[in-house]
Every structure is written in structure tokens, then in C-alpha cells.
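Biologist: I am new to this entry and would like a guided tour. Could we begin with the sheet and move on from there?

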Amino acid sequence: TDALIPVVQQWPDDFAKRYREAGYWRGETFGAMLRERAAKYANRIALVDDKTRWTYAELDARADAVAAGLLAAGLKKGDRVVVHLPNIAEFYEVVFGLFRAGILPVYCLLAHRITEVENAAAVSQAAGYIMAGRRDDFDFNGLARELQSRLPAVKHVITVEPREQADPAFTALDDLKADGKGQPLPDDHAPTLPSDAAFLQLSGGSTGLSKLIPRTHDDYIYSVRESANICGLHEDSVYLVALPAAHNFPMSSPGALGAFYAGARVVLSQSPSPEHVFAVIERERVTMTGLVPPLLLVWLQAAAGKPSHDISSLEVIQVGGAKLTPEIARRVKPVLGVKLQQVFGMAEGLVNYTRLDDPDDIVINTQGRPISPDDEVLVVDDQGNPVPEGEPGNLLTRGPYTIRAYHNNPSANARSFTEDGFYRTGDIVRRSPEGYLTVQGRANDHINRAGEKISAEEIEDHLLAHPQVFDAAVVSIPDEYLGERSCAFIIPNGEKPKAMEIKRWIRSRGLAEFKVPDQVVFVEQFSETAVGKISRKELRAKLSAQLQAAS
Ligand code: J2J
């Protein structure tokens, strides 16, 4: 029913008017955007993976077929479908098909497992789940079966595997498309509005109940279009998706969507490791990609040795998702022979870039400045008062592509947004007089493990469910390679379990592998002072400091 269609908390009228008049919101939609590119670049290659090369015309036609198939299967405009796919061409065929049908993709990371997928499906009230069947390392058919048994509302399970390999319990994408032949598209009778939500993205480090981020066509296309400009994408650019395709960074900063916007070519790699990806770069003459800092380190190592492949087509490497240290930033140009661009972004909106013509000092020492002249950035103390320029403080922001609320989550909204609509990013930054931001740390209890955000509270809750755990605190420990790693402090309940058992326990709870604690430390108590007197947050900080001092 209509009541279930996610309602986007729209920007107040005066803001919306300003954003339109400034030309940020142009009334574009993703479905129409692809149609226009297909008209202009019909026979140019849009998308490449290990087995596929699709032209813009082909991607466009495939998206239509998917849209028609989804509607013929009984899905409706406004429905939500969880998308859980690897870096394969079908990812974009499916996503654009959903956009065209007015159905909202809910993006899960490939690493997510049943618990995260179930949460995303439950909170979004999803009617469908699209996955890639049995892969080398995981059986998504099994996950789909479990999902349907827990949430019967997920009526439609679609697999992108070829028909012959598809589990007969589910609909093969080929069959879905065949069934949709000749069906009209909703554009004919209920066109997608630019102010409609295009999709729901998961907030990084969400606890049990996922925080879902609704992004409208207008606001997201603005960020994508301007990102493509800032990053210098053009028709002859070749953008490599090395990070998980569902993540906001390779999706939109400028990401695959920015590349499509610019009429460029998108190349997908199923692995970001040099052994695999350097060959792809050489073969496809890739010009640009985005990495997280730990991957950059591996690339630097591989390129400093005897490189097995010619990666000289690369012009720009972007690094974001977690803090890049100046020492490593400095090595990028000499070792890889490319320009570095730092990116500090968030799925909720605000994205900062160092500009391609910025001096080295800025590129090495800052995480960039916002996309838009109308991105409002406040750096405030814990009472909400602005700190002196250049001093560290909490980053608050609002603007033409930053959400005003999470989907259907009043308590998270009360915590995460100020009364006048600023998003509390949870990041501690310094701002230079020129408006460049340097990330200093974090105010909230996320662990940023190689760019993957982990909520301490979520892991603690799962640990507390173990019979031999009396209490647990999960903290972030600095890590030379990962940036941060996770450590679980545990007060055993009677007999002490083995650390391996604790890790196995977290896995058995159906969570992504990156959430398994890297380290487990058993303690008799957390603190000499009464535990009740300090907050969880203070406790975590204290435990982390103790462990670092001891090592
Ligand atoms: C330090 N911390 C950073 C950076 C993100 C582009 C790039 C990244 C993301 C992303 C994204 C950082 N230095 N360069 O969505 O479009 C941390 C901050 C931030 C959180 C957001 C994009 N870049 N971070 O990482 O939603 O703590 O988005 O608030 O996953 O990552 O995480 P996420």
C-alpha cells in the first residue's frame, strides 16, 4: 500500500527553492539519465567486467528489461528490494532496472550476512532480495532461504546466475526479463519524480536496527554530477570499481554513477588486490579509481617492487573512507606516478575532495573541502558552540545533498540531527581558513576498520548473548595496517571461554566477517572504580588506552 512508500524528509521549502535556483537540483532522475547517455553514446562501451562488455545502448535496454520484469512479477513502484551483489556488470543492470521501475534498491555490502540482510530487509519492509547464488566462498541461496523463512514478506527472490545454474526455488534474472517482455514501464503512467527517494543506503556502523539513508534523485545526482566535474571525468575516462560496488564511495564519489553521468567507461574488479587488479588496469587502460588507505598501502608495496603490469594509464587515485596519514600520502606520486585525491565522504551526504590542482601541501595534509558552495559546515564544541578557526571540534553539516533524517527512525533522528537540520557526523575535524577539513578523530564509538565501520555496541550485544560472557566492551585499537582494529574486552561468566570460541560465536551470529573482533582480552573487571559511574564511552576509551600502554 501507499503508506509503505518511504517518505523522504524533504528539505524546508526555502532551502529547496534555493537549491533549485542555484542549479544544483535540475529535476533529473537516474532512469532518464541513462536513457540520455544511451542516446548520445549508444555504441560506446559503458561497462566491463571479467566476462562482459556492454555498450550504453545495451545497458539501457537491459535496465528496461529488468524494470519490466520486476513489474510483471508483481512488484510495484515504491517497493523496496535488497540488492546483495558482487562487483559484476549485473549490479548496474539491476540497479538501473529498479530505478526505472521506481522500486528502491536497499544496498547491502557483499560481506553482509543473514543478520545484516535481515535487518535491512525488515527496516525497509522489503518485498524482494536480489543475489548472486552460490559463489566460491558463500552460498547466497542458503541465505535467501533463511531470509524468507524469517521474513515471509520478502516474496521475490531473484538470482543473477544464468538460468541453468540458478536454484529452482528462485527466479533467474533471465526468466524475470523474459516474463516482462512487452510490459509497459511505469514511466508511462506514474513517472518517477526527482524528489522521490531513489534508493536506501545503509549507514556505516549501524547497530542492530539498520539506519537507512534515503537519497533522492535530485540530491544524489547533484553530488554525482559535481563529483564527476571535480574529479575531471570525461567521455574517455575509464573508472575502476575496486571497492565493493554497493559502497557509497565507489558508487558516487564520483564512482560508477559519476562515470556514467560523464559518458565514461566503468570497469569492475571482483578483487582489489594488486595480483588481480593490476592486470585489469593494464588491459582496460584504467585512468582513475578509489581506494581505502590499507589497499593503497598494498598497491604502493606492489608497485615499488618489480611491477608485473603496466599501470601507467592511471592518472588519479582517490583515497577515502578512513584517515590517510601524510607519510603515506606523500609516497603516492613518486611510487605510483599518479595524482592523489583525498576524499572524505559519508553516505548521509557531505563529500569533501582535495582538488586536482591543489598544491601538494593541501593534498597531503587535508581531506579536502566540500563539493558545494551551499554545504554548510559547522565545527563546534560539545555544547554546540563554534570553536576557534583551526581548532578541532565536532563536524555538523547540512546542504543540498545531505539528508535531513534517516528513514523511519525517530530515536536515531533525534540523536543525529540538530533542531535546525544539521547532521551530526560524529567526526572531529579542524577547518582551515580556506575551508579545507582535516579529520582528527571521532566522537562516537564506531571502529573504522580499513574503511568498514563497526558499531561497538552492536558487537557487545552479540557478545552478551554468549552464556560465558558476563560483560563485554568492544574498543578500537590503532593498527599500522588497518588504521584501526577491534578488540573485545570480556569479563567471563564463570569459566573463561577460548578466544577462538568468541570469534566463532560472532561468526555464528550471521555477521560480516569484518565484525569479528581482531583481538579478545579477558579481564576480571573493567575498572577499579564502580563501573556504573562512568559511561560506556569513557570505559571504552579507558580500556583502549590501557591496552595501548601495555603493548
Ligand atoms: C577520515 N575518515 C573518513 C577520510 C570517510 C566517499 C568517501 C568515503 C565515504 C565513506 C563515502 C574519510 N578520512 N578521508 O560515503 O561518498 C569516515 C568518517 C565518515 C565515515 C563515513 C564517500 N572518509 N571517513 O566512507 O558512510 O568517519 O562513507 O563520517 O561508509 O567514514 O562512512 P561511510
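Modeller: Certainly. This is a predicted model. It contains an open sheet of nine strands with mixed pairing, in the order 2-1-11-10-12-13-14-15-16.

Biologist: Which are the edge strands?

Modeller: They are strand 2 (53-55) and strand 16 (369-370), each of which pairs on one side only.

Biologist: How many bridges join strand 14 to strand 15?

Modeller: Four bridges link strand 14 (residues 339-346) with strand 15 (residues 349-353), and the two run antiparallel. Opposite F344 stands N352 in strand 15.

Biologist: Turning to the whole chain, how many helices and strands are there?

Modeller: The protein chain has 19 helices and 25 strands. Its radius of gyration is 23 Å, close to the 24 Å that the globule rule gives for 551 residues, so the chain is as compact as a globular protein of that length. The C-alpha trace spans about 70 × 55 × 55 Å along its principal axes.

Biologist: What share of the residues count as buried?

Modeller: Of the 551 residues, 52% count as buried. As for contacts between residues at least 6 apart in sequence, 68% join residues at least 24 apart.

Biologist: How is the chain divided into domains?

Modeller: Domain 1 covers 30-36 + 54-192, domain 2 covers 225-442 and domain 3 covers 446-550. The C-alpha centres of domain 1 and domain 2 are 28 Å apart.

Biologist: How many residues of domain 1 are in contact with domain 2?

Modeller: There are 13, and they are in contact with eleven residues of domain 2. Helix 2 (30-40) and helix 4 (90-101) are the elements that each give two or more residues to the domain 1 side. By class, that side has twelve nonpolar residues, one polar residue and no charged ones.

Biologist: Now the interior. Which residues of the largest nonpolar core touch the most other members?

Modeller: In this core of 142 residues, they are V81, V82, V83, V106, Y129, A256 and V266. Helix 3 (residues 56-72) gives the most to the core, with nine residues. At least three core residues come from each of domain 1 and domain 2.

Biologist: What is Y129 in contact with, leaving aside its neighbours within four places in sequence?

Modeller: Y129 is in contact with V81, V82, H84, A121, A144, L147, V154 and V157. Apart from the largest core lies another core, of 19 residues, including I454, V469, F489 and I506.

Biologist: Is there a general rule behind such cores?

Modeller: In soluble globular proteins, nonpolar side chains tend to be buried together.

Technical notes: Residues are numbered from 1 along each chain as its sequence is written. This is a predicted model: local features need pLDDT of at least 70, side-chain atom pairs count only at pLDDT 80 or more; totals for chains, interfaces and linings use all residues. Domain bounds come from an automatic or database domain assignment. Two residues are in contact if their C-beta atoms, placed from the backbone, lie within 7 Å. Ala, Val, Leu, Ile, Met, Phe, Trp, Tyr, Cys and Pro count as nonpolar, Asp, Glu, Lys and Arg as charged, and the others, Gly among them, as polar. Two strands pair if DSSP finds at least two bridges between them. The radius of gyration is taken over C-alpha atoms; the globule rule is 2.2 Å times the number of residues to the power 0.38. A residue is buried if 20 or more other C-beta atoms lie within 10 Å of its own, exposed if 12 or fewer, and partly exposed in between; C-beta atoms are placed from the backbone. A nonpolar core is a set of buried Ala, Val, Leu, Ile, Met, Phe, Trp, Tyr and Cys residues joined through C-beta atoms within 7 Å.
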